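Visitor: I would like a close look at a single part of this structure, taken slowly and with its surroundings in view.

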Amino acid sequence: MTEQQERPNDIEAMERALNKANTEAQKHREQRNSYRGLATRLAAERALSEAGMSNAKAAKYLDYSKVSVTETGELEGLTEQLEALKEDLPELFGETKKVSGGADAANKREARPTKTSAETLAERLLN
């Protein structure tokens with residue numbers, strides 16, 4: 001076989017390898033972008049919580065496609081949306097409202113363990 005006859009096979013093999021590499025690279029880019037979107041959403045939700053947003057479901061008013069995470073971990077594009085949201089829907093921010101007439105876990109008394117009758121008698125005898 002001459003050198004010219006071998007070259008088409010090499011080119012075809014290189015094309016197949018290149019196509020395979022491109023397919024794998026595309027798969028990894030899609031996977032990276034899905035993780036980046038999740039990381040952006042989680043970071044934005046944490047920032048909203050720190051800003052005093054009382055209703056986590058109100059985060060649906062944000063356009064996450066306009067929010068990105070920088071190399072330093074800062075969120076770009078969230079501050080502007082957050083300010084606009086505070087202006088338009090101020091009731092979503094601030095203190096949480098009490099429900100059921102003030103029934104809140106912070107208002108409950110500490111639960112005391114119930115003593116058995118033997119423990120009560122032993123306490124009376126020792127005191």
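What percentage of the residues of the protein count as buried? And with that as background, please take me closely through helix H2 (78–88) and what it touches.

Guide: The model before us is a predicted one, and every value below is computed from it. Of the 127 residues of the protein, 13% count as buried. The secondary structure comes to 3 helices and 2 strands, and from the N terminus on the elements run α-β-β-α-α. About 11,100 Å² of the protein is exposed, and carbon and sulfur atoms supply 51% of that area. Among contacts between residues at least 6 apart in sequence, 52% join residues at least 24 apart.

Turning to helix H2, its buried residues are Leu-78, Gln-81, Leu-82 and Leu-85. These residues are on the same side of H2, because they cover an arc of only 100 degrees around the axis. The face of H2 turned away from this buried side carries the exposed residues Glu-80 and Glu-87.

The buried side can be read together with the largest nonpolar core, which has 14 residues and in which Leu-48, Leu-62, Leu-75, Leu-78 and Phe-93 are those with the most contacts. Helix H1 (3–50) and helix H2 (78–88) each supply at least two residues of this core. As a general matter, nonpolar side chains tend to be buried together in soluble globular proteins. Leu-78 itself, if its neighbours within four places in sequence are left aside, is in contact with Ala-44, Ala-47, Leu-62 and Val-67.

Gln-81 deserves a separate look, since with a relative accessible area of 16% it falls under the 20% limit and therefore counts as buried. This residue lies in helix H2, and, not counting residues up to four places away in sequence, Gln-81 touches Leu-62, Asp-63, Lys-66 and Val-67. Two of the names in that list, Leu-62 and Val-67, also appear among the contacts of Leu-78. A polar atom of the Gln-81 side chain lies 2.7 Å from the backbone nitrogen of Asp-63, and this links the discussion to the loop in which Asp-63 is found.

That loop lies between H1 and strand S1 (68–69). Asp-63 is partly exposed, because its relative accessible area of 30% lies between the limits of 20% for buried and 50% for exposed. Besides the approach of the Gln-81 side chain to its backbone nitrogen, Asp-63 has a side-chain polar contact of 2.6 Å with the side chain of Ser-65. Asp-63 also forms a salt bridge with Lys-66, in which the closest N and O atoms are 3.9 Å apart. Lys-66, at 58% relative accessibility, counts as exposed, although Lys-66 is also among the residues that Gln-81 touches. With respect to the start of H2, the C-alpha atoms of Asp-63 and Leu-78 are 8.8 Å apart in space, while the two residues are 15 apart in sequence.

A search of the whole structure finds 2 salt bridges, and besides the one between Asp-63 and Lys-66 there is one between Glu-123 and Lys-115, with the closest N and O atoms 2.5 Å apart. Glu-123 is partly exposed, with a relative accessible area of 38%, and Lys-115 likewise counts as partly exposed, at 46% relative accessibility.

Val-67, touched by Gln-81 and in contact with Leu-78, leads on to helix H1. Thr-40 lies in helix H1 and is buried, with a relative accessible area of 5%. Leaving aside its neighbours within four places in sequence, Thr-40 is in contact with Val-67, Ser-68, Val-69 and Leu-75. One of these, Leu-75, is also among the residues with the most contacts inside the largest nonpolar core. The C-alpha atoms of Thr-40 and Glu-74, which are 34 residues apart along the chain, are separated by 9.8 Å. Gly-37 lies in helix H1 as well and is partly exposed, with a relative accessible area of 38%. Between the C-alpha atoms of Gly-37 and Val-67, 30 residues apart along the chain, the separation is 9.2 Å.

Definitions and conventions. Residues are numbered from 1 along each chain as its sequence is written. This is a predicted model: local features need pLDDT of at least 70, side-chain atom pairs count only at pLDDT 80 or more; totals for chains, interfaces and linings use all residues. Side-chain values use heavy atoms; hydrogens and water are left out. A nonpolar core is a set of buried Ala, Val, Leu, Ile, Met, Phe, Trp, Tyr and Cys residues joined through side-chain atoms within 4.5 Å. Buried means under 20% relative accessible area, exposed over 50%, partly exposed in between (1.4 Å probe, protein chains only). Helices (H or I, at least four residues) and strands (E, at least two) are DSSP runs, numbered from the N terminus. Contact means heavy atoms within 4.5 Å. A polar contact is a pair of N or O atoms within 3.5 Å; within protein, one must be able to donate a hydrogen and the other to accept it, and residues adjacent in sequence count only if both atoms are side-chain atoms. Accessible areas come from the Shrake-Rupley method with a 1.4 Å probe; for residues, only the protein chains shown count as cover. The arc is that of the directions from the helix axis to the C-beta atoms. A salt bridge is a side-chain nitrogen of Lys or Arg within 4 Å of a carboxyl oxygen of Asp or Glu.
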